Protein chains: 2
Amino acid sequence: MKMPTIRLREYLNQASVTEKSIIDYILLNPESVSRMTIHKLAELTYSSASSIIRLCKKNGYDGFKEFSKALVYELAARKAHQVKPVDEITRSDSTQEIIDKVTQKNILSLEDTKNLLDAEEVKRCVDLLHRSEILCLFGIGSSLLVAKDAQLKFLRINKKTYVSDDWHTQLLTATNMSPNDLGIIISYSGQTHEMIECAKAIREAGAESISITRFGNNPVKSLCKHHLYVAANESLFRSGAMSSRISLLNVIDILYTGYNNRQYDKSLELLAKTHIRKEPTLD
Amino acid sequence: MKMPTIRLREYLNQASVTEKSIIDYILLNPESVSRMTIHKLAELTYSSASSIIRLCKKNGYDGFKEFSKALVYELAARKAHQVKPVDEITRSDSTQEIIDKVTQKNILSLEDTKNLLDAEEVKRCVDLLHRSEILCLFGIGSSLLVAKDAQLKFLRINKKTYVSDDWHTQLLTATNMSPNDLGIIISYSGQTHEMIECAKAIREAGAESISITRFGNNPVKSLCKHHLYVAANESLFRSGAMSSRISLLNVIDILYTGYNNRQYDKSLELLAKTHIRKEPTLD
DNA sequence: TCAACTTTAGAAATAAAATTCCATATATAG
DNA sequence: CTATATATGGAATTTTATTTCTAAAGTTGA
């Protein structure tokens with residue numbers, strides 16, 4: 001089935017005056033039109049049934065009946081696709097509601113993050129990953145877990161990757177980076193003092209840098225050469241960084257997949273190798 | 001709008017012979033019926049237009065016209081809700097395609113996980129969390145990162161939580177658990193030797209246990225008293241555990257949120273406290 | 001400028017579809 | 001076995017959609 005409102009919108013520029021007014025009415029009131037008879041619509045648009053039928057046929061429908069059903073179909077499909085805003089958790093929520101809301105929230109966060117990512121910038125970041133000799137990851141708190149996750153991934157395909165649990169060590173690593181190295185700083189807020197220091201150190205060292213932070217301006221972002229964003233997310237039950245780390249992982253997945261895609265065969269081979277021994281570290 | 005096929009199915013048990021055959025036909029051929037005239041349908045079901053109209057009215061529709069549109073609507077909604085399988089990454093994918101596919105894959109994994117979770121079991125797990133004195137988390141590889149993520153969360157609301165980087169330490173922790181303690185073993189495969197050992201140790205110690213593994217039978221699951229599942233996920237670009245850890249985090253979010261909801265006010269207070277000092281560890 | 005032609009639009013006629021009404025058949029209870 | 005309720009389909013009616021026809025408006029070209 002064809003999407004009536006889209007078709008009509010397309011048709012607008014070649015539409016006659018009467019047709020324009022009919023289309024305008026339909027686009028403004030698709031819901032009610034979908035329940036209307038052709039004569040009622042003719043009356044409301046100060047036109048005639050014949051004109052409406054002609055319009056329907058010109059747009060590829062059999063007649064008004066078919067058009068009307070297509071409209072119902074489109075409206076239903078749109079409604080079903082609509083992402084409903086996630087309600088905040090309330091005191092009285094059942095377990096099932098909590099499951100649904102938390103999951104929906106995380107899904108929404110992934111979708112938003114997808115829309116925030118600039119494919120060109122991602123591409124440049126993958127290039128950098130490729131060209132760099134050593135990948136150094138920086139993070140603290142739950143972002144450190146994301147950094148470590150990235151490390152697990154990249155080590156599997158034999159990319160030299162450093163992370164450290166301890167911030168002092170992270171800072172030392174940053175200070176000693178070479179211009180051929182790439183630093184990725186993961187910090188949801190982009191305001192963490194420790195990460196700002198790391199960013200400065202990388203800059204001093206003249207190495208390449210990518211920040212992964214929430215959308216908007218923040219110190220870490222400003223200090224890095226490249227920027228990737230995750231959705232700014234309001235808390236569910238004021239619980240602080242919840243979905244953000246899932247979005248961060250998603251960004252890591254994307255970088256990792258992009259990287260692998262650059263060296264398709266080589267990566268396949270390396271992954272096969274690390275697969276064979278019953279993947280103890282992959283759990 | 002009401003879902004016609006659901007209504008009709010419900011109505012089946014009070015339907016007369018003629019009505020039954022009409023309903024059967026509609027349920028078997030909803031697509032074509034949605035495009036049919038009432039007389040055609042009457043002919044095909046060896047009944048009459050009047051019978052069909054009566055049936056529509058009995059089921060809460062104005063008449064056949066309304067019923068027909070409701071059917072179109074339902075079919076569209078069903079189709080739109082159908083989750084389309086995510087295509088595997090191919091050599092020729094653009095960066096934008098990689099972004100979309102990876103994200104879609106992760107979203108799908110979250111949705112599947114939601115459907116695998118049994119609300120009753122989740123509720124029991126939240127109860128356990130509540131009753132338990134100490135929460136011990138177990139994991140290795142990327143599941144260890146999930147365990148640590150859980151620890152970060154629960155520590156914020158002052159729940160005593162242990163995790164260790166080192167498996168030997170994990171095993172010792174398990175061995176020394178008391179019956180008032182709760183162990184959560186995180187293992188996507190449920191087959192990791194180290195986690196099986198931990199599960200056995202917890203069982204020996206007589207403590208409560210929850211497994212979080214992929215769906216299906218596996219050793220870790222069998223050794224634990226309670227089970228939560230995440231979606232079994234096929235790899236995108238054969239990259240091993242990709243979305244699974246995101247689903248695991250989702251399960252953690254759900255447990256954590258459920259826990260907080262049990263002590264709504266207390267948690268709010270505790271979260272506020274850890275929020276004040278510019279959340280250095282939450283990044 | 002004005003005839004020839006094309007495009008556009010609506011009224012009326014027609015066709016199609018939905019709905020109502022009614023007669024009849026069938027089952028059910030007394 | 002009759003009275004009553006219920007179910008069903010055919011015909012009549014109404015509603016709705018579609019076609020046809022005519023007229024008006026606009027466009028083109030000599």
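**View 1. An open, parallel sheet in chain A.** In this predicted model, five strands of chain A line up as an open sheet in the order E2-E1-E3-E4-E5, with parallel pairing. Strand E2 (161–162) and strand E5 (226–230) stand at the edges with a single partner strand each, so one side of each has no neighbour in the sheet. Let's look at one of these edges: E2(A) is joined to strand E1 (residues 135–138) of chain A by two bridges, and the two strands run parallel. To find your place here, look for A:Cys136, which stands opposite A:Tyr162 in E2(A).

**View 2. Helix H11 across the sheet of chain A.** Helix H11 (residues 193–205) lies across E1, strand E3 (182–186) and strand E4 (208–214), all in chain A. Relative to E3(A), H11 runs at about 165°.

**View 3. The protein surface around DNA strand D.** Here we move to the 19 residues around DNA strand D, of which A:Ile38, A:Lys57, A:Phe64, B:Thr18 and B:Ser50 come nearest. On the DNA side, sugar and phosphate make up 62% of the atoms of strand D that come within 4 Å of the protein. Four helices each supply at least two residues of this surface: H4 (38–44), H5 (49–58) and H6 (64–81) of chain A, and H5 (49–58) of chain B. The largest share, four residues, comes from H5(A). Sorted by class, the surface near DNA strand D has ten polar, five nonpolar and four charged residues.

**View 4. Polar contacts to DNA strand D, one by one.** Which part of DNA strand D does the side chain of A:His39 meet? An N or O atom of that side chain is 2.8 Å from a base nitrogen of the strand. In chain B, the partners are phosphate oxygens: a polar side-chain atom of B:Thr18 lies 2.2 Å from one, and a polar side-chain atom of B:Ser51 lies 3.1 Å from a phosphate oxygen of strand D.

**View 5. Positive phi at two loop residues of chain A.** A:Tyr46 is not a glycine, yet its phi is positive, at about 55°. You will find A:Tyr46 in the loop between H4 and H5 of chain A. Is this tyrosine buried or exposed? A:Tyr46 is exposed, with a relative accessible area of 78%. A:Asn158, also a residue other than glycine, has a positive phi near 65°. A:Asn158 sits in the loop between helix H9 (142–156) and E2 of chain A, and at 61% relative accessibility A:Asn158 counts as exposed.

Key. Residues are numbered from 1 along each chain as its sequence is written. Chains are lettered from A and ligands numbered from 1 in the order in which they are written. This is a predicted model: local features need pLDDT of at least 70, side-chain atom pairs count only at pLDDT 80 or more; totals for chains, interfaces and linings use all residues. Side-chain values use heavy atoms; hydrogens and water are left out. Two strands pair if DSSP finds at least two bridges between them. Contact means heavy atoms within 4.5 Å. Axes are lines fitted to C-alpha atoms, for helices over the stretch in contact, and angles run from 0 to 180 degrees between N-to-C directions. A residue is near a molecule or strand if one of its heavy atoms lies within 4 Å of it. A polar contact is a pair of N or O atoms within 3.5 Å; within protein, one must be able to donate a hydrogen and the other to accept it, and residues adjacent in sequence count only if both atoms are side-chain atoms. Ala, Val, Leu, Ile, Met, Phe, Trp, Tyr, Cys and Pro count as nonpolar, Asp, Glu, Lys and Arg as charged, and the others, Gly among them, as polar. Buried means under 20% relative accessible area, exposed over 50%, partly exposed in between (1.4 Å probe, protein chains only).
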